[in-house]
Amino acid sequence: MKEAIIQFVIDAIRAEAFNPKTLFLIGGHTIGKERVFVEVARALHEKAYVTAAKLRILECLGFAQEDMQWFTKNAHESHIRIVPMWSIASFKRLDHMSKHYMGRFSLMVAFFAYLLAVWQRKEVDWKKVAEGCEVPYSKRSSFTELKEFVKFASPANIFPSVNNHSPDSQNSMVSQLLS
């Protein structure tokens, strides 16, 4: 399944890569999804831009030099960006990013855990076009597996690492894990 998801991302990028004014954003957390980043860059024969901080994290994870060659800190070397998941997790943030890049790019395609979003420059305004293409890639356990583990381990405290932007969302996540 993970290979199929990686191939989906590669195929989606190839479908738009003919346009040099297309920006591809691939969201990730501090760690996780590195295999997607490497495989996409390798298959497309194009480096993926990462921040200096993200590059240090990748180096700490012990990637081989043959994998590290696919990353660059030079934003002008690539139209593929590895970005924090939160930066593309809402249309408001995507709209902000589209305005930031509008001089260089006319189309922005963002991949994040469960959605593919496409933003295209039309005249003066950015038109939002969201396609419901789920990309269920995870190196972690499924939600069902997490629920089973919580039931088995009976932890005293649970601290969600996703959907934890407010006490209500944290409580909701914990309630779902305990149900």
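Which residues on the other side of H5 are exposed? I took this as my opening entry, keeping in mind that the model is a predicted one.

**Helix H5**

I looked first at the buried residues of helix H5, which spans residues 91-101, and listed Leu94, Asp95, Met97, Ser98 and Tyr101. Viewed down the axis of H5, these buried residues fall within an arc of 165°, and therefore they line one face of the helix. On the other side of H5 I found Lys92, His96 and His100, which are exposed and so answer my opening question. I reminded myself that an α-helix has 3.6 residues a turn, so residues three or four places apart point the same way.

**The nonpolar cores**

I then turned to the largest nonpolar core, which has 25 residues, and noted that Ile13, Ile26, Val40, Phe71, Ile80 and Phe111 touch the most other members. Two or more residues of this core come from each of helix H1 (2-16), E1, H2, helix H3 (52-60), E4 and strand E5 (107-112). Among these, H2 gives the most, with 6 residues. Apart from this core I found another, of 10 residues, with Leu23, Val83, Leu94 and Met108 among them. I wrote beside this that in soluble globular proteins nonpolar side chains tend to be buried together.

**Phe24 and Ile80**

I looked up Phe24 in strand E1 (residues 22-28), and because its relative accessible area is 0%, I recorded Phe24 as buried. The contacts of Phe24, leaving out residues up to four places away in sequence, include Ile13, Ile80, Val109 and Phe111. The C-alpha atoms of Phe24 and Ile82 are separated by 8.6 Å, although these residues are 58 residues apart along the chain. For Ile80, with the same neighbours in sequence left out, I noted contacts that include Phe24, Ile26, Val40 and Leu44.

**Ser78**

Is Ser78, in the loop between strand E3 (71-72) and strand E4 (80-84), buried or exposed? I found that Ser78 counts as buried, because its relative accessibility is 3%, and the cut-off for buried is under 20%. The side chain of Ser78 makes a polar contact of 3.0 Å with the side chain of Glu46, and the side chain of Ser78 also reaches the backbone oxygen of Lys47 at 2.4 Å.

**His45**

My last entry concerns His45, which is placed in the loop between helix H2 (34-44) and strand E2 (48-49). His45 has a positive phi of about 55° although it is not a glycine. Most residues other than glycine have a negative phi. With 64% relative accessibility, His45 counts as exposed.

Note on methods. Residues are numbered from 1 along each chain as its sequence is written. This is a predicted model: local features need pLDDT of at least 70, side-chain atom pairs count only at pLDDT 80 or more; totals for chains, interfaces and linings use all residues. Side-chain values use heavy atoms; hydrogens and water are left out. Buried means under 20% relative accessible area, exposed over 50%, partly exposed in between (1.4 Å probe, protein chains only). A polar contact is a pair of N or O atoms within 3.5 Å; within protein, one must be able to donate a hydrogen and the other to accept it, and residues adjacent in sequence count only if both atoms are side-chain atoms. Helices (H or I, at least four residues) and strands (E, at least two) are DSSP runs, numbered from the N terminus. The arc is that of the directions from the helix axis to the C-beta atoms. Contact means heavy atoms within 4.5 Å. A nonpolar core is a set of buried Ala, Val, Leu, Ile, Met, Phe, Trp, Tyr and Cys residues joined through side-chain atoms within 4.5 Å.
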